[in-house]
Each structure stands twice: as structure tokens, then as C-alpha cells.
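This briefing walks through a protein model by topic, moving from its sheets to a helix packing arrangement and then to its charged pairs. Please keep the sequence and the structure in view while reading.

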Amino acid sequence: MAARTKKATILMTILLVMLTTACSSNNNAEGSKTTSEPQTTETAGSDDQAAKPVEITWWNFPNFQALDGEVGKYEKEIISAFNKKHPEIKVNLEMITFDGGPEKLNVAIASNSAPDVIYDAPGRVIDWGKKGLLAPLDDMISDEVRSDIPEAFWKQSMVGDTTVMYPINTAPFMMAVNKTAFEKIGALDLLPLDRKDRVWSFDEYKAALQAVKEKAPDMIPSVFFAKSQAGDQGTRAYIANLGLSSFLNDDLSAIAINTDEAGAALDWIAKAQKDKLVISGSAALAASDVNDLFLQGKVAFTINYSAVLKAQNATLKKAEFEEVLLPFPTLDGSAPKLEPYLGGMAIFNNGDDAKIKAAKTLVDFIANDEVYGKKNLIQTGGLSVRNSITGLYDDEEYAYAELARQFITAPPTIADGYAEIRTYWFPALQSVLLGQQSGKEALDDFAKNADEAIAKAKAQLK
């Protein structure tokens with residue numbers, strides 16, 4: 001019995017040792033797993049942090065040509081291509097129009113529901129930047145990009161030393177003419193198309209209008225519009241060049257267009273309505289109204305056009321004709337002063353760093369992707385703001401648009417108080433078109449109101 005008891009004790013001891021060893025081994029295995037798991041989890045956590053899902057909203061005016069006639073379809077293609085590289089960023093697209101979009105943006109900003117990303121122009125973007133609504137973009141702009149884009153474009157993209165818009169595409173704003181109409185009436189020689197720079201005078205322009213009136217009585221020779229501030233760059237430059245004046249002085253601190261010559265040009269426009277050289281009722285017409293008439297083949301000249309609009313309007317033409325670009329005529333036939341169209345992207349600072357970072361990733365893709373960067377430029381119909389990117393199009397009109405960049409001057413969109421300045425412009429035009437004031441009187445009143453707006457804006461920035 002004693003021997004059996006001793007033997008059982010020995011066996012029990014062996015079993016206990018084996019069990020202890022096994023438990024120790026299991027504990028060590030678990031210990032190794034715990035040690036590696038934090039490393040794995042940390043790595044995964046780091047990856048998750050880098051690839052953490054972020055949702056942003058992109059509002060876009062129709063800056064890209066409609067794909068297959070569908071507005072927004074090309075933007076969806078951009079987002080799809082973007083998500084192949086950045087699946088963690090969800091982009092919600094909302095298309096807005098040039099007519100109702102600005103007011104919709106104002107409401108969104110006032111209600112703290114602004115989009116994360118917007119593709120727009122300096123007129124609105126710089127005003128938002130001055131109000132502190134935008135995220136700075138300097139950290140995403142390399143020295144190479146900074147030096148490749150002309151200073152004139154950076155001036156339209158910055159508030160002080162801070163970049164608030166990433167410039168992408170450009171084109172000088174000009175006029176356009178229905179070349180086919182002039183061919184049909186045998187008056188093509190009245191257009192300055194045989195001159196490389198196409199520069200021409202007010203008298204030459206008036207002769208061309210008269211030819212249309214006499215030889216194509218069913219066609220409206222030219223247009224004007226003053227219903228709203230939309231397209232005001234066209235009416236500004238038109239009057240400034242006809243009157244050999246500048247809209248603002250050299251340092252953008254005061255209105256300069258209230259000259260006798262510009263006043264006379266505005267008087268001529270009012271009279272030209274009565275003489276059937278300019279469309280009647282222009283005080284009640286918007287920029288889109290007159291461009292629609294041009295696309296219908298009912299107007300010989302339109303005054304708010306560019307290579308960008310030419311491309312965007314290609315699928316909207318209701319009549320078959322060839323349009324060509326022309327600079328605004330000047331009083332004495334000297335070189336014109338053209339305002340640039342500049343398109344770029346801005347990011348609203350909605351207080352979410354992750355969304356701002358994701359928005360910057362989208363902007364960089366749209367502007368600089370090795371495939372979509374160039375593709376996007378062509379889809380806007382614009383020229384690149386970068387000096388190193390030229391020859392995007394095999395087209396005579398684009399070649400001319402490139403040449404016409406030499407006539408670009410600093411636009412008033414970067415002036416302090418511009419958002420308020422433009423609210424006084426179209427009522428001043430309306431007062432002349434409706435016979436309530438002379439051109440000089442209206443421009444003097446406009447200058448007074450606009451100069452006060454500039455002074456007020458400067459005071460607020462101090």
C-alpha cells in the first residue's frame with residue numbers, strides 16, 4: 001500500500017510539473033502574441049489613421065464641359081479616378097449654376113454649411129479669403145509650382161502673403177464674332193483677322209456693325225447687358241477699351257473709369273440701341289441672355305467671351321457657324337487691356353483638419369495628377385496658368401488666346417471691397433441705358449460709391 005501511495009505521489013508530482021510547464025508555455029505564447037499585437041495594432045492603427053474615411057463636399061460651377069451633354073458627368077469621372085488612388089476619401093458633388101450659385105453659396109456660408117471645396121474665380125474667392133473663411137494652401141504649393149505660375153496669377157490667388165486659391169486654368173476675356181455671318185455678307189475684310197494680334201479701333205468696329213445692320217437685317221449686330229453683376233468683366237472691359245480708360249487706377253485704390261472718354265463710350269452704347277447697332281432692352285438682359293442669342297446665330301458680336309466659354313458652349317450652339325475671338329476695340333486702335341479669366345480651387349475652413357487635408361488631396365489631384373491634370377485643363381477649355389504647359393490644343397483660336405495673354409492686366413477682382421464695388425456697377429449702366437443719366441454722370445456716381453466701398457474695406461482690414 002505504501003509503495004502504491006508513493007508511486008501515486010510521484011505520478012501526481014510529474015503531472016503537476018507537466019501542467020505547470022504547459023501553462024507557462026501557453027502564457028509565454030500569449031505574451032508573445034500580446035507583444036506583437038500592439039505592434040500590429042499600432043501599425044494598423046497608423047494605417048487606419050492615414051486611411052481613415054473622410055467625407056467632403058465639392059460644389060462646382062459648370063467649369064468643365066458637359067460630358068455627353070450631362071452636366072456633372074465629367075466631375076463624377078474625376079471623383080471615380082481620384083477614389084482609385086484615395087478610396088478613403090468620399091467626395092459628395094453638388095453642381096451649382098452661375099445664375100443661382102453665388103446666392104446659394106452666400107446662404108451656405110451664413111448658415112455655417114459651406115462646402116469643403118469650391119472651384120471658382122478670384123471675384124468671390126478673394127472676398128472669402130479676406131473674411132477669413134478659407135484654409136491657407138501654401139503648404140501644398142511646391143517651389144517649382146510657385147515659380148512656374150506668373151506673379152499676376154498669384155496676386156489674384158492670395159490675400160496678403162497667404163494663398164487662398166490654387167490657380168489652375170486661365171484665358172483672357174474678349175469678344176467673339178460670328179465669322180460665318182461676315183463671310184455670307186461679303187464683309188470679312190472688315191474684321192482684323194489678317195493681323196496677327198487682331199488689334200482694331202472703335203471706328204473699325206462701328207463699320208463692321210453697320211455692315212451687319214445693312215446686309216443682314218435679321219441679325220442683331222452687337223449686344224450689351226446690365227441686368228445683374230454676372231458677366232460684369234465683359235461690360236467693364238468693353239467700356240474701358242472703347243473709352244481708352246482703366247477701370248481702376250494702377251494701385252487698385254480708386255476708380256479710374258469715370259473719364260470723359262468712357263462716359264462718351266457709354267453714351268454711344270445707349271444711342272446704338274436706338275440705331276439698331278446694339279440689342280435693344282439691354283438694361284433688362286443678363287450676360288447669359290446675350291450669349292444664348294449668340295449661340296442661336298442671332299447676334300454677330302458678343303462681348304463676354306473667352307477660349308473657355310468657346311469650348312463650354314460647343315455643345316450648346318443652336319446654329320451652325322464658326323465663331324472667332326477678337327480683342328475689344330480701342331478708341332485709337334492701340335493695344336487693348338484684357339481682364340483674365342482665372343479658375344482655381346479654394347477650401348473653406350469648416351473647422352475640421354481631416355476634411356481640410358482631404359480637400360487638399362483632391363485639389364492636388366485635380367491640378368497636378370499625371371493623367372487628369374492635363375485632361376482636366378482641356379475639359380475646361382482653358383489655358384494652363386503654368387508657363388511650362390502650353391500647346392494643349394491644335395486650334396487656331398487657342399493659339400490666338402495664348403498670344404492675347406500679352407494684353408492681360410491686373411483685374412479689379414483683387415481690389416479691396418470688390419464684392420461691394422460690383423453691386424454699384426450694373427445699376428450705373430442701367431441708368432444710362434434707360435436715359436436717366438449721361439454716361440459721365442453715371443460713372444461719376446459709380447466712382448463715388450465704389451471709392452467709399454474701397455476705403456471702408458481697407459479700414460476693416462487694418
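Val 177 has Val 324 of S9 as its bridge partner, and this pairing serves as the entry point to a sheet of three strands, ordered S8-S7-S9. The model is a predicted one, and the points below should be read with that in mind. A second sheet, of six strands, is also described, followed by the packing of helix H17 against helix H10 (260-274) and helix H16 (418-433) and by the salt bridges, of which a search of the whole structure finds 28.

**The three-stranded sheet**

- The sheet is open, its strands follow the order S8-S7-S9, and the pairing is antiparallel; strand S8 (301-305) and strand S9 (323-326) form the edges, each of them pairing on one side only.
- Direction ignored, neighbouring strands of this sheet are turned against each other by 35 degrees on average.
- Between strand S7 (residues 174-178) and S9 there are four bridges in the antiparallel sense, and besides the partnership of Val 177 with Val 324, Asn 178 stands opposite Glu 323 in S9.
- Towards S8, S7 pairs through three bridges, again in the antiparallel sense, and here Ala 176 is found opposite Thr 302.
- How many residues of S7 are buried? Five of the five are, so the strand is largely enclosed by the rest of the structure.

**The six-stranded sheet and helix H13**

- This open sheet has mixed pairing and the strand order S2-S1-S3-S10-S6-S11; strand S2 (89-95) and strand S11 (383-384) stand at its edges with a single partner strand each, so that one side of each has no neighbour in the sheet.
- Strand S3 (residues 117-120) and strand S10 (residues 340-347) run antiparallel and are joined by four bridges, with Ile 347 in S10 as the bridge partner of Val 117.
- Helix H13 packs on this sheet, where it touches strand S1 (54-60), S2, S3, strand S6 (166-172) and S10, and the direction of H13 makes about 50 degrees with that of S1.

**Helix H17 and its packing**

- For the 23 residues of H17, a rise of 1.5 Å a residue gives an expected span of 33 Å, and the end C-alpha atoms of the helix are indeed 33 Å apart, which agrees.
- The buried residues of H17 are Gly 439, Ala 442, Leu 443, Phe 446, Ala 447, Ala 450, Ala 453, Ile 454 and Ala 457, and these buried residues pack against H10 and H16.
- The axes of H16 and H17 come within 9 Å and cross at roughly 170 degrees; because angles over 145 degrees count as roughly antiparallel, H16 is described as roughly antiparallel to H17.
- On the H16 side the contact involves Glu 420, Ile 421, Tyr 424, Trp 425, Ala 428, Ser 431 and Val 432, while the residues contributed by H17 include Gly 439, Leu 443, Phe 446, Asn 449 and Lys 456.

**Salt bridges**

- Among the 28 salt bridges found, Glu 370 pairs with Lys 85, with the closest N and O atoms 2.9 Å apart. Glu 370 belongs to the loop between helix H13 (353-368) and helix H14 (372-380) and Lys 85 to helix H2 (residues 73-85), so this pair ties together parts that are 285 residues apart in sequence.
- The two partners fall into separate accessibility classes: Glu 370, at 63% relative accessibility, counts as exposed, whereas Lys 85, with a relative accessible area of 44%, is partly exposed.
- Within H17 (residues 439-461), Lys 448 and Glu 452 are four residues apart and are thus separated by about one helical turn; they form a salt bridge in which the closest N and O atoms are 3.2 Å apart.
- Lys 448 is exposed, at 52% relative accessibility, while Glu 452, at 45%, counts as partly exposed.
- Asp 127 and Lys 131 form a further salt bridge, with 3.1 Å between the closest N and O atoms, and Lys 131 is exposed, at 56% relative accessibility.
- Asp 232, Arg 236, Glu 339 and Arg 422 are linked together in a network of salt bridges.

Definitions and conventions. Residues numbered from 1 in each chain as written. Predicted model: local features only at pLDDT ≥ 70, side-chain atom pairs only at ≥ 80, totals over all residues. Heavy atoms only, no water. Salt bridge = Lys/Arg side-chain N within 4 Å of Asp/Glu carboxyl O. Helix = DSSP H or I, 4+ residues; strand = E, 2+ residues; numbered from the N terminus. Buried < 20%, exposed > 50% of the residue type's maximum accessible area, 1.4 Å probe, protein only. Expected span 1.5 Å × (residues − 1). Contact = heavy atoms within 4.5 Å. Pairing = 2+ DSSP bridges. Axes fitted to C-alpha atoms, helices over the stretch in contact; angles between N-to-C directions. Parallel < 35°, antiparallel > 145°, perpendicular 65-115°, else oblique.
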